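Got your viewer open? Load the model, keep the selection box handy, and follow along stop by stop.

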Amino acid sequence: MKNIDDDNGCNTSVNEHFQDVLNARLSRRGFLTGGLVTAAAVSLGGVEALLKAVPASAQETDGEAKETDEQGERRRPVLEFESVPVSSADTVVVPKGYTAEVLIAWGDPVSNGPAFKQDASNTADEQAHQWGMHNDGVVYFPILKSQRGLIVQNNEYTDDGLLFADGVNNWTLEKTKKSLNAHGVSIIEVTKRSGFPRDGKRRRGNWDVVRPSPFARRITGMTQIEIGGPAAGDARLRTIDDPTGTRVLGTLNNCAMGFTPWGTYLACEENFNGYFRKNGPQTNLEKRYGINATGFGYLWHTTDTRFQVDAEPNEPNRFGWVVEINPFRPHSTPVKRTALGRLKHEGAWVQEARNGRVVVYMGDDERNEYIYRYVSNMPWREARRQGVNPLDDGILYVAKFHADGTGEWLPLTPDNPKLAGWSLNDILINTRGAADAAGATMMDRPEWIDTFPKDLTAIATLTNNNRRGSTPPSVNNPEGSTAAGSARPPVDAANPRAINNYGHIIRWFYRQDWTESTFGWDIFALCGDPENPVHGSTIFGDKYGSPDGIYVDPSGLIWIQTDVSTSTINSGNYTGFGNNVMLAAHPETRETRRFLVGPNQCEITGVFMTPDRRTMFVGIQHPGERPDDLPGDPANPKQFSSWPDGESGGRPRSACLVITKDDGGKIGS
């Protein structure tokens, strides 16, 4: 993610009382007597959950996905690569025996479109056919098992200083359109190199983008998108250009993602507020979502009135949703699913419950925001047989974490006594305010969420919160009028460190099924440098901070990606940490090893594997970004990084990597 990174500050979280609280929590793993008694009971499925996400014709049918030993028992995950050292080099570093290649980078054609021009002189129309800027969450959808498939990846935001040959100078409507077209979602078809599709040698090959491809597609900030679910047509979603409140132009600031059992992709709109400008007095709703006169510095409002909130007050309400996309139907219209609520969605991780209903986990990525889940009313197959989208018919909840290691899901419905007087559409359009009123637990920037499907366990990253435990203390107002991210809540059991510069990772688990209203929880890791007692870190292994992306691979290994802000990379509290990284952690022992270090000023974000675990796709976002958050300097675009094109390139470019093991083995083994 981007644009709301915490300020620097001193970590004062070594108070012995907080450590005692944490130790007590970690000793309560015996909360469950059914599914997960201890961390060592993890049976670690995952392959099945991935395979359910694609049509039957695309599923693995051979034995390569089986994860059992000679006795037929499910294999435990293993960490068998050598940890890479901390790095501040302007390159990608991976372990010995692995190769990382750029699969596609910003500006490359997604099919047979125009090539990237290193001076950034491509037009807005050309950008609409090229890989978007600053890619984030990613999913691989198989077409032919682990050898051919679709890559779908979000394009979160743009650095308009690098997007144009002359940067943000001489702003025009054409520049607004190009910036909008560099946002959204990119879809490409990929295949292994050499040989024929069924040639076994392909298993050890690297990957290429298929050009041309009938599936290749860009969904941008200018694509027509439907609004679906209960809030569609609400008066607060109607505009001059769309008096029905059912059609919106574009999707913006898509960060993490999800995918459904029926084979669709979920793009998640996060910091949409920064594109709008409101010069007049803020309403409580605008204040709660951060709509103001400053924005993030984008100039769209100077040429497009829909980003002028004083002129078009309802346009911001049409963003902050989860967008469903069918990657196998390139002419289908994406749909914003309003039943999942409106917030700064970091992701929408879908888990099928044992009773066939779908559960969607979502984090609201800002300081002092909440963790949500959605549960469909019907089993998803039955809903689809009846012509109902499972994401349109269900109940939204928000999490309450208790100090005794239990928690509950608070329903965000008009039947909740604390939401008396709220209509369902009130709740869905002002989900943050509804969560305030319901009494949810304020968290330290909830980010990505993933699950251990066989063990009824979810895991989530909490990036950091330099306001936690600071003075004067304050919490979100129950009537939903708090300015976004401004509260200063005291420490609590689920967020046990004041001035939480390094973040932490939390887990929760159930007895019988994902749909239960209560859960148990514990803290997987307090981040920081475990060799520095001042940090209060509980990491077993290599240091890291500001965890962001998280991914449970088919074997059960946990992959953690970091998002240390560009203003603090390898400086201040993060001196000696080097560039942003991706690590692997063992779910039972919690041993953590550094697997990848990115180039200068980048964030590592987006990770997914093929079902056979022999290929990993990883996102490198905003290499070369300025540490002061200003647009890049077009007169010196490679001031901070020249990755990935080096001396021959004109500017740094975000990219999707493909990582393979040189011996053709499984990643992490």
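How many bridges join β21 to strand β22, and in which sense do the two run? Select residues 457-462 for β21 and 504-509 for β22: six bridges join them, and the strands run antiparallel. To see one pairing, pick isoleucine 459, whose bridge partner in β22 is arginine 507. Keep in mind throughout that this is a predicted model.

**Stop 1: around β21**

Stay on β21 and look at what surrounds this strand. Six of the six residues of β21 are buried, so the strand is largely enclosed by the rest of the structure. Color by face if you like: Thr457, Ile459 and Thr461 sit on one side, Ala458, Ala460 and Leu462 on the other, and all of them are buried. That pattern fits a general rule: in a regular strand, side chains alternate between the two faces of the sheet.

Now add β20, residues 446-452. Five bridges join β20 to β21, again antiparallel. Isoleucine 449 has alanine 460 as its bridge partner in β21, and proline 446 has leucine 462. Four residues lie between the strands of this hairpin, and leucine 456 there takes a positive phi near 55°.

**Stop 2: the whole sheet**

Zoom out to the open sheet these strands belong to. Its nine strands come in the order β13-β14-β16-β17-β18-β23-β22-β21-β20, with antiparallel pairing. Why do β13 and β20 each have one side without a neighbour in the sheet? They stand at the edges with a single partner strand each, so one side of each is left free of a neighbouring strand. Neighbouring strands of the sheet are turned by 30° against each other on average, ignoring direction.

**Stop 3: β31 and its two partners**

Next, select residues 655-661, which form β31. Is this strand mostly covered or mostly uncovered? Mostly covered: seven of its seven residues are buried. Ala655, Leu657, Ile659 and Lys661 point one way, while Cys656, Val658 and Thr660 point the other.

Add β1 (98-105), which runs antiparallel to β31 and is joined to it by seven bridges. Here glutamate 101 stands opposite valine 658. Then add β30 (615-621), which pairs with β31 in the antiparallel sense over six bridges; valine 618 stands opposite leucine 657.

**Stop 4: the nonpolar cores**

Show side chains now. The largest nonpolar core has 108 residues, of which Leu103, Trp559, Phe595, Leu596 and Met616 touch the most other members. Center on leucine 103: beyond four places in sequence, its contacts include Ile151, Ile188, Trp207 and Phe617, along with Cys656, Leu657 and Val658. A second, separate core of 32 residues includes Val322, Met362, Trp380 and Leu428.

**Stop 5: a helix under cover**

Select α5, residues 173-181. Its buried residues are Lys175, Thr176, Lys178, Ser179, Leu180 and Asn181. Among the elements covering them are α3 (124-127), α4 (160-163) and β6 (217-219).

**Stop 6: backbone oddities**

Time for a geometry check. As a rule, most residues other than glycine have a negative phi, and most peptide bonds are trans. Which residues does a cis peptide bond join, with omega at about -5°? Threonine 471 and proline 472, with proline 472 in the loop between β21 and β22. Another cis bond joins tryptophan 643 and proline 644, omega being about 5°; proline 644 is in the loop between β30 and β31.

For positive phi, try glutamine 601, at about 65°, in the loop between β28 and β29. Glutamine 601 counts as buried because its relative accessibility is 11%. Arginine 613 also has a positive phi, near 65°, and is in the loop between β29 and β30. Its 5% relative accessibility means that arginine 613 counts as buried.

**Last stop: confidence coloring**

Finish by coloring on pLDDT. The chain has a mean of 90, and 87% of its residues reach 70 or more. Confidence is highest in β12 (335-337), at 99, and lowest in α2 (47-51), at a mean of 37. Residues 69-73 stay under 50, and the model has three contacts for them beyond four places in sequence. Residues 195-204 also stay under 50, with 19 such contacts. Where pLDDT is low, the predicted coordinates should not be read in detail.

Technical notes: Residues numbered from 1 in each chain as written. Predicted model: local features only at pLDDT ≥ 70, side-chain atom pairs only at ≥ 80, totals over all residues. Heavy atoms only, no water. Buried < 20%, exposed > 50% of the residue type's maximum accessible area, 1.4 Å probe, protein only. Pairing = 2+ DSSP bridges. Contact = heavy atoms within 4.5 Å. Axes fitted to C-alpha atoms, helices over the stretch in contact; angles between N-to-C directions. pLDDT = per-residue confidence, 0-100. Core = buried A, V, L, I, M, F, W, Y, C linked by side-chain atoms within 4.5 Å.
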